[in-house]
Amino acid sequence: MTASSPLPSYVPILVLGAIAAGFAILTILFSHLIGRPRSTPAKSATYECGMPPVGTAHARFPVKFYLVCVIFILFDVDAAFLYPWALVFRELGIFGLIEMALFVCILGGGFAYAWKTGALDW
Amino acid sequence: MTALTWPQELAIRSALALTVVAFLLGLFSVMTYIERRLLAFMQFRLGPNRTGPLGLFQPVADGIKLFFKEEFVPQAANRWAFIAAPAVAITTALMAVAVIPYGGAVTMPRFDLLPEWLRGRPIPLQIAHLDVGVLYLFAVSTLGVYGIVLAGWSANNKWSLIGALRSSAQMFSYELALGLSWVGPILLAESLRIEDIVACQAGGIHRWNAIIQLPAFMIYLFAATAEVGRLPFDLPEAEAELVAGFHTEYASMKFALLQMAEYVNMITVSVLATDFFLGGWHAPLVSLQSAAGVNLGLLWFGGKTGALLFLFIWLRGTLPRLRYDQLMRFGWKVLVPAAVMHILGTAAVILWLTR
Amino acid sequence: MPFPDSALSDSQRSDRPPSSIAGIMHANLPGGVVMIREFRGDLSITVKRETWAAAAVLLRDHLDCDFKLFLDLCAVDRQGRVDRSERFEIVLHLYSVSTKRHIRVTTPLPESDPRLDTLTKVFKGANWFEREAYDLFGIVFRGHPNLKRILTHESFVGHPMRKDYPTARRHAPGKCAERVLDVPQDSQGMVVNLGPSHPSMHGTFRVQLLLDGETIVDAAPDLGYMHRNFEKMAEARTYWQIIPYTDRLNYCSPFMNGHGWALAVEKLLGIKAPPRAEAVRVVLSELSRVMDHIVCIGANVVDLGAITPFFVTFRAREAIYDVLEACCGARLTVSYVRIGGLAQDVPEDFDALCRKAISAAREVIDQADRLLTRNVIFVRRMREVGVLSADDALSYGWTGPCLRGSGVAYDVRKNHPYSGYEQYDFDVPTGAVGDSFDRYLVRMEEMRQSLRIVEQALASLPGGPVIVDDKRVALPPKSAVFENIEALMNHFKLVFEGILPPAGEIYGYTEAANGELGYFVVSDGRKCPWRVKVRPPCFNLYQAYPRLIKGGMIADAIAIIGGLNVIAGELDR
């Protein structure tokens, strides 16, 4: 049935997105209308265990977190190659396996480097 | 049967999307109740049992209460980002379910009320049939981190910020293992369409990926638990450490939306586990697939998903949580290498068998 | 009739004559020792203030002294006392684990110049105690690294424990210090308050952390959020009126605080409670210990994210509360103990209730054991976390399960048996590494040993009265008060005049759930104590906390504080 579908296959996704976003916005609007804010200075202060916070939370943060993100992007892009490979693997045969083993080895080199330099440690 | 025109097709899909969203939100509220009751029973307590028979109306009461709760934005927060974050979180969570098949096809009854083109037409229970279904899932599930990071950062609260950073690093780390665990089933099904992967597992329990791809299934379970931030991987909101993590400053319906996003994600990963590894709507024995001429596919599907959801609750009732460095170490140094090795192993075995 | 002034004749507490220590002190500190005296078996040495630090070093390092365990340091204000030489007196209590001896070192300080050398370089634990003496008495310790108020707040005026402090004065609630931590100028880290209102700071603790990501670079605790100055209140109460206040110290095991207090006053009076009272005290104290450890382990595990063991263990706590309730009608604030015995005899079903509690406790201990002891996640969270060596633990003044977790087998019940502990057979478990997991294991084993003690005590529960037959201490039975004039007068006199102990000072100590709970009581012979100093085991434990968490992660800080079992009521007093 999908093959003969007159609708581009991504259109329902857009519909779903519209429904989801609409639901979220309506909920927030509705609760905004009936949950009246009665703000006081103490109430709208930032919570830090009952103490006035020292400094702001929008400060510098250790680079480690970004490091993880960067490593992730590297490996994630690589992992995305595995999907099409898995799709056509049977046609590629032994050639495909060796090819992918090589690819993983190169990847593994980077991984080993990240491991050794402590980028994966905390 | 005649082919559908595009407005008819759109109408069917929109109705399906609405149904799925409504169903997920309903399931969310039921889940909160079930989780509280089950946890209570595991802990020699009763749980909520006052609102309605057996406390069944508790979720409704909670919902009403949350709607009427005071709308609250901290002074120091970045106002618009703070309000947008829950909306982003729930939207991305709901978007992920688009490509998931929930069962075979359901044949519409021949009621006179229905327009003629709908009567007796089989409707596949899947919102969108994407050829790159798995890739779509991979992409959308990564988007989920936006809502959380936005929520944690915009509140301008240090505990929220730490929670958000933990969450992003954790989701990234386990996303990789999660994506890699799918490659095995893809290799077997030779398709990126989830319905094909389910179809590939038809014919009994011995064909399920949970059996023939057991390591991948284990990796998936670990990664999925971490991905949705459930114990023992609930570090983004570890209440004993970070007060409530990224949603420390949230209240009223915005808090509810963040909770909802979390539960929808939990349901999504359970549904995906069912599709990828537990044979989807196929019965463990072919003879159990239908009873009295009725296809029990949807029942099997629901049962498997329910069992996985129960597993999440059970884990929460049993285990303490990991420390942050232990979590990262496990993700990167155990799960990722194991997943890659497993893929190569699977490929080699396939090659050897089809030689 | 006055109470005897001699030491307890049958006590095992003063096992050696003080001559050897006196000789060592005289030989090494010529002219430094002012006076050596002994009262009720407590050896007390008064030194000149110039030799204060030298005396502490000598007592710590001399092989024949070996007083390595820092117990307590406090001040006494003797204003208006005829026997005083100077207004203030600083009192130091030390213990030697190897020779099993306590010692008290004191030095007088004049009102005009209340300054003294700090002991922070001699004992790590002295830091907070000196801050407390500064805060409450205004004693200045020269060379102290951080002499700031500790129990009261920054904007507090005056020193409340001084005898001339106007107690009727009202204070506007002060603002808490925003910064407790000294952050270096070039630091890029984030300063976060952990507490006072935080889910895992059970009670009201506040620690300010300097974070580098998730790693704790520096930490500084701020306490006193539950300070009510129990010690000042005690100075205006008679000896038995203080009993209810003791329930509020360590509120997880309230009975043990009263037990300790009663023993301390009995020591001051030179009397002993009848055997039945002592046996019942042991039973209830040991059950309270189980209860306390249950709370500690349960709360610790909750902080690690597992809620179920908490509910598992708390069922036994209920059964123990039932025992206490049957005895005195209260579950938490028991006030069951009296000077010289107990308020009343135990109920008839005491034995049955206790056995029920024992079996409930056994069951949950085993369940918790199965849930936790070999749980990989739990073990990895606790192992190698918060390690403190035996030497450091002694120097900080750790006692109880935490000290034993660090490998020092010091248990007051074994080393200085009281209330008849010498009759019971039990083991003292110790750890090897001194990490959080060792402290957990020690507590688990201690609960089992406590149950053993309870069983033995129940099996040999003696009959007889539960309070001493002594008109100066115990109230006459109510029926007698209604019937004869003598009892009525006796009752009247006791209630109005109170118990009148001899003048003197004693240090009474018991093994409470968290360690050595000491009461330093100074009496001037009147109905209210002149000074009561509680030696709260938590104070020493918590003092080491910043050191334990530095370099760890936030999650470690949470795992450690649960295992130390710091109780706010006892810490802040």
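This report describes how chains A and B meet and how chain C is arranged in a predicted model.

**Chains A and B**

Where chain B meets chain A, 71 residues of chain B are in contact with 62 residues of chain A. On the side of chain B that touches chain A, at least two residues are supplied by each of the helices α1 (6-42), α2 (58-68), α3 (79-95), α4 (133-154), α5 (158-189), α10 (252-277) and α12 (324-353) of chain B. The largest share of that side, 14 residues, comes from α5(B). Sorted by class, the side of chain B that touches chain A holds 46 nonpolar, 13 polar and 12 charged residues.

**The two domains of chain C**

Chain C is divided into domain 1, which covers residues 19-142, and domain 2, which covers residues 234-534. The C-alpha centres of these two domains of chain C lie 28 Å apart, and the contact takes 20 residues from domain 1 of chain C and 22 residues from domain 2 of chain C. On the side of domain 1 of chain C that touches domain 2 of chain C, the strands β3 (69-77), β4 (88-96) and β5 (101-109) of chain C each supply at least two residues, and the largest share, 6 residues, comes from β3(C).

The table sets out the classes of residue on the two sides described so far.

| Side | Nonpolar | Polar | Charged |
|---|---|---|---|
| Chain B, touching chain A | 46 residues | 13 residues | 12 residues |
| Domain 1 of chain C, touching domain 2 of chain C | 9 residues | 3 residues | 8 residues |

**The sheet of chain C**

The strands β3, β4 and β5 of chain C also belong to an open sheet of 5 strands, which has the order β1-β2-β5-β4-β3 and mixed pairing. At the edges stand β1 (33-39) and β3 of chain C, and because each has a single partner strand, one side of each is left without a neighbour in the sheet. From one strand to the next, the twist averages 20°.

Within this sheet, β4(C) and β5(C) pair in the antiparallel sense over 9 bridges, and C:F88 has C:L109, in β5(C), as its bridge partner. Two helices pack on the sheet, and their directions can be described relative to particular strands. Helix α2 (residues 52-61) of chain C touches β2 (42-47), β4 and β5 of chain C, and its direction makes about 170° with that of β5(C). Helix α3 (residues 126-137) of chain C touches β3 and β4 of chain C, and the direction of this helix makes about 10° with that of β3(C).

Notes: Residues numbered from 1 in each chain as written. Chains lettered and ligands numbered in written order. Predicted model: local features only at pLDDT ≥ 70, side-chain atom pairs only at ≥ 80, totals over all residues. Contact = placed C-beta atoms within 7 Å. Helix = DSSP H or I, 4+ residues; strand = E, 2+ residues; numbered from the N terminus. Nonpolar A, V, L, I, M, F, W, Y, C, P; charged D, E, K, R; others polar. Domains from an automatic or database assignment. Pairing = 2+ DSSP bridges. Axes fitted to C-alpha atoms, helices over the stretch in contact; angles between N-to-C directions.
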